[in-house]
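Me: I would like a close look at one part of this model, set against the protein as a whole. Please go slowly and give the cut-offs as you go.

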Amino acid sequence: TGLDVHPWDNSSILQEGIGVCGWILVSLSFLLVLITFPVSIWACIKVVREYERAVVFRLGRILSKKAKGPGLILVLPCTDTFTKVDLRTVTCKIPPQEILTRDAVTAQVDGVVRYRIHSAVSAVANVTDVHSATLLLAQTTLRNVLGTQSLAQLLAGREDIAHSIQATLDSATEQWGVTVARVEIKDIRIPMAMQRAMAAEAEAARETKAKVVAAEGERNASKALQKASMVLSESPAALPLRYLQTLTAVAAQNNSTIVFPLPMNMFGSLGKKSTGG
């Protein structure tokens, strides 16, 4: 920091290309400052904050081809003008953009772009309004990149798409002295008819999956019952024991229904007697 005063000599002025007339004007400006000193010093000294840089123009040319600051800078009256540039990160909201995806679906997408100026000279000398230009370029890049994606890719790959937009913006704004820090896609809005169609498709997919799971369970249960019947057929005493176990389970539930297990051969003998009689 400190007073950023640049030496005034004939060689430096001539190297900057201001010519003899420019040298005379700068000399007169210095003379005016000396004559009106110390009153003029308050008009010539400017304060540049820590997060700012000042681009000084002397007779229309950028002084020393670089920005000045932070601290105090000396600006000569009549010959020098300056522009302050904020180097802090700027968060800019991208307005909703109506796009047409690759699979012919219309959607409205908005986002947020964060950027900062790393070269104050480029931001002043290469573009009229760096913030407006960056916002307009972000809108155009958002539409162009999203137009190459399908709706499924747009919904599932937000991070990859945001990185692609950031890389495209960063390369395009490099000549403006801007570094794009991050791009985020906030919201994706699709027509209500498309939302209903997607919901019906998802519900049908869930029902199909549920039927497949139920059918698989039935198949496994039938296999288990087949194995159980084979085990019960090998041991005649196993079936009454199974009846008793079922009774115990029913009685534990405070149920008023009473189940009496009867041997199946009893019904067979009763049927024979009725036929014989």
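What percentage of the 277 residues of the protein counts as buried? After that, please look closely at residues 20-45, the span covered by the UniProt annotation "transmembrane region".

Reply: This is a predicted model, in which local features need pLDDT of at least 70 and side-chain atom pairs count only at pLDDT 80 or more, while totals for chains, interfaces and linings use all residues. Residues are numbered from 1 along each chain as its sequence is written, and side-chain values use heavy atoms, with hydrogens and water left out.

Of the 277 residues, 28% count as buried, where buried means under 20% relative accessible area, exposed means over 50%, and partly exposed lies in between (1.4 Å probe, protein chains only). The accessible surface comes to about 17700 Å², and 61% of it belongs to carbon and sulfur atoms; these areas come from the Shrake-Rupley method with a 1.4 Å probe, and for residues only the protein chains shown count as cover. The secondary structure consists of ten helices and nine strands, taken as DSSP runs of at least four residues (H or I) and at least two residues (E), respectively, and numbered from the N terminus.

The annotation on residues 20-45 comes from an unreviewed UniProt entry; its positions are in the numbering used here, its feature name is shortened, and such annotations may be inferred rather than shown by experiment. In the model, this span is 77% helix and 4% strand, and its end C-alpha atoms lie 26 Å apart. Leucine 28 belongs to helix H2 (residues 19-35), and with a relative accessible area of 49% it is partly exposed. Leu28 also joins Val20, Ile24, Leu25, Leu31, Ile35 and Leu59 in a nonpolar surface patch, whose accessible area is about 630 Å² together. Patch members have over 30% relative accessible area and no salt bridge (a side-chain nitrogen of Lys or Arg within 4 Å of a carboxyl oxygen of Asp or Glu); nonpolar side chains (Val, Leu, Ile, Met, Phe, Trp, Tyr) are joined within 5 Å, and like charges within 9 Å.

Further along the chain there is an open sheet of three strands, in the order E4-E3-E6 with antiparallel pairing. Strands E4 (61-62) and E6 (80-86) are at its edges, each with a single partner strand, so one side of each has no neighbour in the sheet. Strand E3 (residues 52-58) is joined to E6 by seven bridges, at least two being needed for DSSP strands to count as paired, and valine 56 has phenylalanine 82 in E6 as its bridge partner.
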